[in-house]
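Hi everyone, thanks for making time for this. I'd like to walk you through one structure, so have a look at it while I talk.

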Amino acid sequence: MQLVLHTGTHYTEEDRLLKCLLHNKSSFAKRGIAVPDPSGFRGLFRATLNAMHKAPAGPDARDVLLEAALDDGSADRLILSDPNFFRTPATAVMRGHLYPDAARRMMYMAELFPNDDLEIFMAIRNPASHVPILFDKAIDKKHAAFWGDRNPLDLRWSQSIRMIREAAPEIPITVWCNEDLPLIWAQVIREIAGIELHEKISGGFDLLSTIMTKEGMQRFRAYLDKHPEMSEIQKRRVIAAFLDKFAIDDEIEEELDMPGWTEELVDEMTDIYDDDVTNIQRIPGVTMITP
């Protein structure tokens with residue numbers, strides 16, 4: 001079975017993405033693609049992964065987990081979306097590392113499904129805007145626990161992704177930047193579903209409609225109707241142009257509230273993040289979706 005793990009990460013439109021996948025559940029099912037309701041599998045998967053910290057899973061664990069996810073149904077491709085695959089926001093940053101438990105938990109997933117084709121799909125986000133949110137949710141905010149001997153300039157998504165690849169080298173990873181998501185939303189949905197880029201989906205502009213004015217969306221849809229032969233690249237250019245004129249400022253501007261952080265630090269973190277995205281693209285087994 002093709003087993004797709006959408007692992008979030010937290011605060012990267014993961015809930016809205018899941019809703020879009022669920023809106024397409026019926027049409028996907030006709031193609032052998034299952035998008036189960038998260039309430040049916042998340043608790044059991046989390047409990048299993050947590051238990052594997054102490055002992056290996058039993059021989060029937062795979063069948064039990066798939067039965068819970070598929071609810072007695074069948075599929076060729078199963079999409080499991082849970083931003084807590086890598087642990088909760090409370091432990092997302094520990095000792096200055098992003099999702100330090102991700103590698104071990106994906107190694108457990110590979111052990112649970114040794115003969116299935118696993119794939120990881122995940123979004124990353126500029127630590128300058130991401131970490132303040134995660135710090136607010138952290139279970140232990142003391143410097144030693146949250147930062148250890150590191151500092152904000154040491155944060156690298158590439159380190160976390162390399163660790164996952166080393167722990168579970170058989171699992172390919174597809175990554176995108178949350179900042180790019182309005183431009184690549186439809187492609188991300190199609191890539192997760194494993195369908196061709198020209199195939200129709202429901203909700204291809206769900207995210208765009210939340211950050212663009214009503215007038216802008218009306219004009220954008222009218223423009224698409226008049227230019228039905230546009231390629232995906234051309235559509236992205238059009239989206240960027242309409243966002244430049246009709247974006248809702250309050251929806252795209254982020255307020256950062258992290259004690260002790262300066263504007264200069266945030267700018268430096270952003271530059272490091274931009275360079276790190278380039279490094280991620282060079283990691284074997286990793287595919288980056290870009291505008």
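**From one strand pair to the rest of the fold**

Let's start with a single contact: Phe-121 has Thr-174, in strand S7, as its bridge partner. Before I go further, please keep in mind that this is a predicted model.

So where does that contact belong? Strand S6, residues 117-124, and strand S7, residues 173-177, pair in the parallel sense, over 5 bridges. Another of the pairs puts Ile-120 with Ile-173 of S7.

Now look at strand S1, residues 2-6. S1 also runs parallel to S6, and 5 bridges join them. Here, Val-4 has Glu-119 in S6 as its bridge partner. How many of the residues of S6 are buried? The count is 7 of 8, so to speak, and S6 is mostly covered.

Okay, zoom out to the sheet. Picture an open sheet of 6 strands with parallel pairing, and read the order across as S2-S3-S1-S6-S7-S8. Which strands stand at the edges? They are S2, at 33-34, and S8, at 286-289; each has a single partner strand, so one side of each has no neighbour in the sheet.

Next up, a helix. Helix H12 covers residues 232-246, which makes 15 residues. From its first C-alpha to its last, H12 reaches 20 Å, and that's close to the 21 Å expected at 1.5 Å a residue. Its buried residues are Arg-236, Val-238, Ile-239, Phe-242, Leu-243 and Phe-246. Why do we say that they line one face of the helix? Look down the axis of H12: the buried residues fall within an arc of 160°, so they line one face. Turn to the face away from that buried side, and you'll find the exposed residues Arg-237, Asp-244 and Lys-245.

Now for some empty space. Rolling a probe the size of a water molecule over the atoms shows where such space is left. In this model, the count comes to 1 cavity of 30 Å³ or more. The largest cavity holds about 40 Å³ of space. What lines it? The lining is made by Pro-127, Pro-152, Leu-153, Leu-155, Met-269, Ile-272 and Tyr-273. That lining divides into 7 nonpolar residues, no polar and no charged. Helix H14, residues 263-281, gives the largest share of the lining, with 3 residues.

Last stop: two single residues to find on your screen. Phe-135 sits in helix H6, residues 127-137. Is Phe-135 buried or exposed? Its relative accessible area is 17%, and the cut-off for buried is under 20%, so Phe-135 is buried. Its C-alpha is 9.3 Å from that of Thr-91, and the two residues are 44 apart along the chain.

Then there's Asp-60, in the loop between helix H3 (42-51) and helix H4 (61-70). With a relative accessible area of 47%, Asp-60 is partly exposed. Asp-60 and Leu-21 are 39 residues apart along the chain, with 29 Å between their C-alpha atoms.

That's my tour, and I'm happy to take questions.

Technical notes. Residues are numbered from 1 along each chain as its sequence is written. This is a predicted model: local features need pLDDT of at least 70, side-chain atom pairs count only at pLDDT 80 or more; totals for chains, interfaces and linings use all residues. Side-chain values use heavy atoms; hydrogens and water are left out. On a 1 Å grid over the protein atoms alone, a cavity is a set of points where a 1.4 Å probe fits but cannot get out, and a pocket is an open set with protein on both sides within 12 Å along at least five of seven lines; lining residues have an atom within 4 Å of a point. Grid points are joined across faces, edges and corners, and a volume is the space filled by probe spheres set on the points. Helices (H or I, at least four residues) and strands (E, at least two) are DSSP runs, numbered from the N terminus. Ala, Val, Leu, Ile, Met, Phe, Trp, Tyr, Cys and Pro count as nonpolar, Asp, Glu, Lys and Arg as charged, and the others, Gly among them, as polar. Two strands pair if DSSP finds at least two bridges between them. The expected span of a helix is 1.5 Å times one less than its number of residues. Buried means under 20% relative accessible area, exposed over 50%, partly exposed in between (1.4 Å probe, protein chains only). The arc is that of the directions from the helix axis to the C-beta atoms.
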